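Reader: I would like to go through the labels used for this model. Please set each value against its rule.

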Amino acid sequence: MNILFFLTPKSDVAYIFENETLRQTLEKMEHRKFSCIPLLSLDGKYKGMKTLNVPGLKEAESISIMAIPRRATYKAVHADSDMEDLLDKAINQNYVPVVDDQGYFIGIITRKEIIKYCYKELKKYIKASDS
């Protein structure tokens with residue numbers, strides 16, 4: 001199965017660029033109730049995730065997001081990865097960033113979407129075996 005079936009495209013994902021401030025990042029994360037957010041280079045390549053435990057917004061206004069160390073590493077998969085690679089990452093990550101062949105961020109795949117798909121397939125299998 002093609003993993004892009006599960007993709008939430010970049011246009012529908014909140015993310016930050018490496019030149020943003022801590023305050024900008026906190027505002028995006030707080031608005032969406034996120035605990036972590038994808039971090040991109042200025043040209044759009046995936047750099048990693050940012051998870052934050054920080055001071056208030058006023059103090060964060062002048063701090064660069066790159067000054068905050070990353071606590072977790074969310075590994076990305078390539079768009080042509082197989083389901084096994086995707087599932088391996090999704091076991092330990094709430095979502096899996098997806099990049100193209102050049103490393104540019106194209107979206108995410110959430111663990112929720114994978115579980116919903118597996119549940120639907122399991123229901124079909126059980127229904128077929130009951131017949």
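Author: Start with one contact: the side chain of K50 reaches the backbone oxygen of I65 at 3.2 Å. The model is predicted, so local features need pLDDT of at least 70 and side-chain atom pairs count only at pLDDT 80 or more, while totals for chains, interfaces and linings use all residues. Residues are numbered from 1 along each chain as its sequence is written, and side-chain values use heavy atoms, with hydrogens and water left out.

Reader: What makes the pair of K50 and the backbone oxygen of I65 a polar contact?

Author: A polar contact is a pair of N or O atoms within 3.5 Å; within protein, one must be able to donate a hydrogen and the other to accept it, and residues adjacent in sequence count only if both atoms are side-chain atoms. The K50 side chain and the I65 oxygen are at 3.2 Å, so the pair meets the distance limit.

Reader: How do you know that K50 has no salt bridge?

Author: A salt bridge needs a side-chain nitrogen of Lys or Arg within 4 Å of a carboxyl oxygen of Asp or Glu. For K50, the nearest side chain of opposite charge is E18, at 9.5 Å. Lys and Arg count as positive, Asp and Glu as negative; His and the chain ends are not counted. K50 is also buried, which means under 20% relative accessible area (exposed is over 50%, partly exposed in between; 1.4 Å probe, protein chains only).

Reader: What does K50 touch?

Author: Contact means heavy atoms within 4.5 Å. Leaving out residues up to four places away in sequence, K50 touches several residues, including I16, M29, L39, I65 and R70.

Reader: Which residue does E18 meet in a salt bridge?

Author: K47, at 3.5 Å from N to O. E18 lies in the loop between β2 and α1, K47 in strand β4, 29 residues apart, so the pair links distant parts of the chain. Strands (E, at least two residues) and helices (H or I, at least four) are DSSP runs, numbered from the N terminus. The count of salt bridges comes to 6.

Reader: Why is K47 called partly exposed?

Author: Its relative accessibility is 36%, so K47 falls in the middle class.

Reader: What makes E27 and R23 a salt bridge?

Author: Their closest N and O atoms are 2.9 Å apart. Both are in helix α1, and because they are 4 residues apart, about one helical turn separates them. R23 is partly exposed at 23% relative accessibility.

Reader: Where is the pair of E121 and K124?

Author: In helix α4, 3 residues apart, or about one helical turn. Their closest N and O atoms are 3.0 Å apart, and the pair forms a salt bridge. K124 is partly exposed at 49%.

Reader: Why are β1 and β5 edge strands?

Author: The open sheet of 4 strands has the order β1-β7-β6-β5. β1 and β5 each have a single partner strand, so one side of each is left without a neighbour in the sheet.

Reader: How do you know that β6 and β7 pair?

Author: Two strands pair if DSSP finds at least two bridges between them. β6 (residues 95-99) and β7 (residues 105-110) have 5 bridges, in the antiparallel sense, so they pass. V98 stands opposite G107, and Y95 opposite T110.

Reader: How many bridges join β2 to β3?

Author: 2 bridges join them, so this parallel pair meets the rule. I16 stands opposite L39 in β3.
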